[in-house]
Amino acid sequence: MKLVCAQSDFSAKLSLLSRVVPANPAHPVLANVLLTAEESRLGLTVFDLSLGIQVWIPAQVEAKGAITLPARFLNDIVSRLPNTAIEINAHELAVTLACASGHYQMQGITAEEFPGLPEIQDALPLVLPAATLLDGLQGSLFAASTDETKQVLTGLHLSSQLDSLEFAATDGHRLAVTTSAHGAELPDTSVTIPAKALRELERMMGRTSNDLEKPLSLRFDVSQISFEFVKPDGSDRLSCRLLEGQYPNYHQLIPQQFSWQVTVERSLLVASLERIAVLAAQKNNVVKLTIDNNSQQLALSAEAPAFGSGEESLPAQISHHSSQSQGEAPSSLEIAFNVKYMVDGLKAMSGAQVQLQCNSETTPAVLSPLGGRKMTYLIMPIQIRA
């Protein structure tokens with residue numbers, strides 16, 4: 001195998017792939033990246049037997065071939081090479097990397113020992129713009145659990161409903177649901193995808209308008225899912241094993257009626273919460289919200305006995321519909337939340353204004369943007385002890 005490629009292309013892809021390589025693989029070859037030289041391109045593949053990624057970069061290929069090299073070691077070297085052309089020359093298991101400033105040699109493992117990525121042949125692909133998928137991920141993925149003992153909650157639940165995709169993630173304390181139209185009619189179906197894999201997919205998608213307008217092909221069967229980006233120099237692909245188990249029926253958790261409704265400027269609320277969070281972080285991350293119907297103000301406060309306290313007030317449009325059959329309707333409500341959960345959800349929204357809806361200090365509240373992506377963010381309150 002002999003080829004020349006750009007250091008910038010090679011380094012960018014190695015940086016992405018080295019994140020997936022397991023620290024303590026079951027087999028030594030799984031710590032390696034598979035290099036495959038074909039025609040005018042170089043393929044790079046990593047696979048931990050659950051999550052696999054294959055990407056391609058342009059190359060001037062003099063001799064085709066394939067070999068595997070230690071992924072993180074290779075990334076550490078290539079990332080430090082000057083931004084010039086790199087020549088890769090493999091003779092049996094010895095590989096030389098040469099550039100304008102010098103050369104490096106390393107030992108590889110044969111490509112035959114590297115397991116192939118799973119193929120999903122029979123499933124019909126769902127083709128949609130990358131921007132559609134990215135929008136859904138940005139509005140939900142942050143709420144997935146990191147607790148491996150609740151494995152199904154460490155994934156994102158993706159369901160297809162006629163001409164839209166619904167993305168849902170929850171850790172048991174909060175729930176984010178985002179709906180994105182994809183324009184194709186599909187039968188109702190659903191899968192739960194590991195959040196780790198989807199975070200790598202986000203990195204693969206890029207952020208430029210050119211990247212996000214490109215089509216993305218999605219296929220899945222009962223145990224695997226794959227995402228494929230078609231490019232001029234080859235198709236980049238991520239495949240992973242689906243999570244097993246029944247995902248919670250999250251729709252029944254979302255209240256259908258609310259007695260309190262608060263509309264506020266999203267940017268002002270985020271800025272205030274981030275300031276209050278400095279104090280809240282000193283004691284349990286709790287922020288108290290006081291909704292005052294008379295003054296049309298939303299007050300935020302936090303206390304940390306060893307440090308002090310803080311309070312901010314924001315103008316808001318507040319309405320209250322009392323369900324009480326007797327007595328005077330309350331003019332205010334105090335309700336507390338984890339400040340980090342609130343900021344996470346608000347930052348995932350894109351509208352200029354947001355609406356907070358709730359019923360009491362002990363029942364779930366819902367945040368949703370007025371404009372922007374279609375998103376519902378349910379957050380459980382924290383009980384305030386007197």
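## Strands, spaces and single residues

In this predicted model, residues 24 or more positions apart account for 68% of the contacts with a separation of 6 or more. The secondary structure comes to seven helices and 25 strands. The C-alpha trace spans about 85 × 50 × 40 Å along its principal axes.

### The protein overall

The protein has 386 residues, and 49% of them are buried. Its accessible surface comes to about 18,600 Å². Carbon and sulfur atoms hold 48% of that surface. The protein carries 27 positive and 39 negative charges. The mean positions of these two sets of charges are 4 Å apart.

### Empty space

Rolling a probe the size of a water molecule over the atoms shows where empty space is left.

How many cavities of 30 Å³ or more does a search of the whole structure find? The search finds one. About 40 Å³ of space lies in the largest cavity. Its lining is made of Val 262, Val 264, Leu 269, Leu 289, Leu 298, Met 342, Val 354, Leu 356 and Leu 367. Strand E17 (260–265) supplies at least two residues of this lining, and strand E23 (353–358) also supplies at least two.

The largest pocket has a volume of about 560 Å³. Its lining consists of 17 residues. Which of them lie nearest the centre of the pocket? They are Lys 283, Val 286, Glu 303, Ile 384 and Arg 385. Three strands each give at least two residues to the pocket lining: E18 (286–292), E19 (297–304) and E20 (308–315).

### Five residues by exposure

The table lists residues with their places and their relative accessible areas.

| Residue | Place | Relative accessible area |
|---|---|---|
| Asn 32 | strand E2 (32–38) | 4%, buried |
| Ser 332 | strand E22 (332–338) | 35%, partly exposed |
| Leu 49 | loop between E3 and E4 (51–58) | 39%, partly exposed |
| Gly 371 | loop between E24 (365–370) and E25 (374–379) | 41%, partly exposed |
| Glu 112 | loop between E10 (109–110) and E11 (126–129) | 71%, exposed |

### Residues in strands

Start with Asn 32, in strand E2. Is Asn 32 buried or exposed? Its relative accessibility is 4%, so Asn 32 counts as buried; the cut-off for buried is under 20%. Leaving aside neighbours within four places in sequence, Asn 32 is in contact with Thr 45, Val 46, Thr 68, Leu 69, Pro 70, Ala 71, Ile 109 and Phe 114.

Next comes Ser 332, in strand E22. Its relative accessible area is 35%, so Ser 332 is partly exposed. Which residues does Ser 332 touch, not counting those up to four places away in sequence? They are Trp 260, Ile 291 and Asp 292. Ser 332 and Gln 296 are 36 residues apart in sequence. In space they are 9.8 Å apart, C-alpha to C-alpha.

### Residues in loops

Glu 112 sits in the loop between strands E10 and E11. Its relative accessible area is 71%. The cut-off for exposed is over 50%, and Glu 112 is therefore exposed. In sequence, Glu 112 and Thr 68 are 44 residues apart. Their C-alpha atoms are 9.2 Å apart in space. Thr 68 is also one of the contacts of Asn 32.

Gly 371 is found in the loop between strands E24 and E25. At 41% relative accessibility, Gly 371 is partly exposed. Where is Gly 371 relative to Val 354? The two are 17 residues apart in sequence and 8.5 Å apart in space, C-alpha to C-alpha. Val 354 is one of the residues that line the largest cavity.

### Two positive phi angles

Two loop residues have a positive phi. Glu 39 is not a glycine, yet its phi is about 45° and positive. Glu 39 is in the loop between E2 and strand E3 (41–47). With a relative accessible area of 56%, Glu 39 is exposed.

Leu 49 is the other case. What is the phi of Leu 49 near? Phi is near 80°, a positive value in a residue other than glycine. Leu 49 lies in the loop between E3 and strand E4. At 39% relative accessibility, Leu 49 counts as partly exposed.

Notes. Residues numbered from 1 in each chain as written. Predicted model: local features only at pLDDT ≥ 70, side-chain atom pairs only at ≥ 80, totals over all residues. Heavy atoms only, no water. Buried < 20%, exposed > 50% of the residue type's maximum accessible area, 1.4 Å probe, protein only. Contact = heavy atoms within 4.5 Å. Areas by Shrake-Rupley, 256 points an atom, 1.4 Å probe, with all protein chains shown as cover. Lys, Arg positive; Asp, Glu negative; His and termini not counted. Charge placed at Lys NZ, Arg CZ, Asp CG, Glu CD. 1 Å grid on protein atoms, 1.4 Å probe; cavity = no way out; pocket = protein on both sides within 12 Å on 5 of 7 lines; lining within 4 Å. Points joined across faces, edges and corners; volume = space filled by probe spheres on them.
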